[in-house]
Amino acid sequence: MDNLKAELLRGLWYVATVGSEVKPGRTIAKKLMGEPVMIGRDARGRVFALTDICPHRGIPLSYGTFDGDTVQCCYHGWRFDTAGTCTEIPSTHEYQTIDLSRINCGAYACREQQGLIWIYFPENGEKPEDGRQPEPPMLPDFGVDDAPKIAIMQPFVCSVDHAALGLMDPTHAAFVHTSWWFKKNATRLRAKVKEFAPSELGWAMVRHKLPPQNIAYRWLLGDNVTTEIIYRLPGLRIEHIKGDKHSVVGLTTITPVSEDETEVRQIFWATMPWVAPFKPLIRHLMNVFLGQDRRVVIQQREGLVYNPKLMLINDADTQGRWWMQLKREWAASGEAKRPFENPVKAKTLRWMS
Ligand code: FES
Ligand SMILES: [Fe+2]
């Protein structure tokens, strides 16, 4: 593992942003997977994603204008539809013929579901339906049009691997996520024993009852509160907590901006209708929590630039090992053109946290 850069896996759907970030008739420009991407929403509300480079002379198309139907480059006014096909070259004289259908700026497969905009980054230019992950995953208990209650994003100056290792690391919380309202310090660690099993493109902390001290969950969700946490490629953590009355899904996504920069999102859906008045407070607490993770990766980088040899220990870092194994297997099976074989085996993990 390179300490500063991560290998970026292709042939997978990535969360590019949340739907509410892209208004009808508007576009946004981003770098994702080391590539310039323009994401837009047409006048009918459909999302699309184009390579943000004009094929004429290379200026980003996002400097141009979008009329809800076509994007016009700011330099010589070439127009492209939302599939990336050129529809107009203003300089064309009536005595010239140019086959516009052969000019394309490049488009990404793009889907909006459950309030998330997913973009597919192909392995060899293949369409998602011909690849190994035809559709982005659906979150449990919520419909395709159910938008999240709250979503936050923070840019992390670290590779997707260090973001992932932090995300699936069960023992840093007692040291990093300390505050007067959550945990004061790491003096009272509890013994944890959890069952893990392989699941699609990753593994799951098997569904289990929340311990009785989590009274707040019972009050919010009803009796018999259980939780399951799924980790899967290309960097998703899905926590599904449900009780007799309500359920909540918390999604954390890590999307590579480049080999050494990452966007981390925390998003949650809830079946309770009364969340609205608490949104500012919840959003603030989520930002504090994620900011603590962000602070440690900034500090960690001060050491990583010296390229030290790092350790992953049992059982605290077993999930970190699984992440690296999953990545290697995804890359190796893609190269060998064979089916992906999940390397994770069912296991009980024990740690103090
Ligand atoms: S560079 Fe875009 S139209 Fe010329
Ligand atoms: Fe954390």
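Which elements each supply at least two residues of the lining of the second largest pocket? In this predicted model, the elements that do so are the strands β1 (12-18), β2 (27-32) and β12 (150-156), together with helix α4. The largest share of that lining comes from β12, with 4 residues. The volume of the second largest pocket is about 260 Å³. A total of 18 residues line the second largest pocket, and those closest to its centre are Val-18, Ser-20, Glu-21, Pro-148 and Ala-151.

Closed spaces were searched for over the whole structure, and 3 cavities of 30 Å³ or more were found. The largest cavity has a volume of about 50 Å³. Its lining consists of Glu-7, Leu-8, Leu-9, Tyr-14, Val-160, Pro-234, Pro-256, Trp-323 and Lys-327. Among these lining residues is Pro-234, which is joined to Leu-233 by a cis peptide bond with an omega of about 0 degrees. Pro-234 belongs to the loop between β15 (226-232) and β16 (236-242).

The iron ion (ligand 2) is coordinated by NE2 of His-172, NE2 of His-177 and two OD contacts of Asp-293, at 2.0 to 2.6 Å. The angles among the 4 donor atoms run from 54 to 151 degrees, and the site is classed as irregular. A tetrahedral assignment would require all angles to lie between 85 and 135 degrees. Along the sequence, the donor residues of the iron ion (ligand 2) follow the spacing H-x4-H-x115-D. His-172 is located in the loop between α1 (160-167) and α2 (173-176), whereas Asp-293 is part of helix α4 (residues 279-304), so this pair ties together parts that are 121 residues apart in sequence. Both His-172 and Asp-293 are buried.

Helix α4 thus recurs in the description, since Asp-293 lies in helix α4 and α4 supplies at least two residues of the lining of the second largest pocket. Pro-280 is also placed in helix α4. With a relative accessibility of 56%, Pro-280 counts as exposed, in contrast to the buried Asp-293. The C-alpha atoms of Pro-280 and Ile-150 are separated by 9.3 Å, although the two residues are 130 positions apart along the chain.

Aromatic contacts were examined next. The count comes to 10 aromatic pairs. One aromatic cluster is formed by Phe-196, Trp-203, Tyr-231, Trp-322 and Trp-351. In addition, the charged end of Arg-132 sits over the ring of Trp-330, at 3.8 Å from the ring centre.

Backbone geometry was then considered. Most residues other than glycine have a negative phi, and most peptide bonds are trans. Besides the bond between Leu-233 and Pro-234, a cis peptide bond joins Asn-314 and Asp-315, with an omega of about -15 degrees. Asp-315 falls in the loop between α4 and α5 (318-335). Asn-307 is found in the loop between α4 and α5 as well; this residue has a positive phi of about 55 degrees although it is not a glycine. Asn-307 is exposed, at a relative accessible area of 54%. A positive phi of about 55 degrees is also present at Met-33, again not a glycine. Met-33 is situated in the loop between β2 and β3 (35-41). Its relative accessible area is 6%, and Met-33 is therefore classed as buried.

Two further buried residues belong to the β1 and β2 region. Val-22 occupies the loop between β1 and β2 and has a relative accessible area of 2%, so it counts as buried. The separation between the C-alpha atoms of Val-22 and Arg-57 is 27 Å, at 35 residues apart along the chain. Lys-30 is part of strand β2. With a relative accessible area of 15%, Lys-30 is buried, the cut-off being under 20%. Lys-30 and Asp-130 are 26 Å apart in space, C-alpha to C-alpha, and 100 residues apart in sequence.

Terms used. Residues are numbered from 1 along each chain as its sequence is written. Chains are lettered from A and ligands numbered from 1 in the order in which they are written. This is a predicted model: local features need pLDDT of at least 70, side-chain atom pairs count only at pLDDT 80 or more; totals for chains, interfaces and linings use all residues. Side-chain values use heavy atoms; hydrogens and water are left out. Donors are N, O and S atoms within 2.8 Å of the metal (3.2 Å for Na, K and Ca); water is not among the atoms, so sites may look incomplete. Four donors count as tetrahedral if all angles lie between 85 and 135 degrees; four count as square planar and six as octahedral if opposite donors are over 155 degrees apart and all others between 65 and 115; anything else is irregular. Buried means under 20% relative accessible area, exposed over 50%, partly exposed in between (1.4 Å probe, protein chains only). Rings of Phe, Tyr and Trp (its six-membered ring) pair if their centres lie within 6.5 Å; planes under 30 degrees apart count as stacked, over 60 as edge-to-face and the rest as tilted. A charge sits over a ring if NZ of Lys or CZ of Arg is within 6 Å of the ring centre and within 35 degrees of the ring normal. On a 1 Å grid over the protein atoms alone, a cavity is a set of points where a 1.4 Å probe fits but cannot get out, and a pocket is an open set with protein on both sides within 12 Å along at least five of seven lines; lining residues have an atom within 4 Å of a point. Grid points are joined across faces, edges and corners, and a volume is the space filled by probe spheres set on the points.
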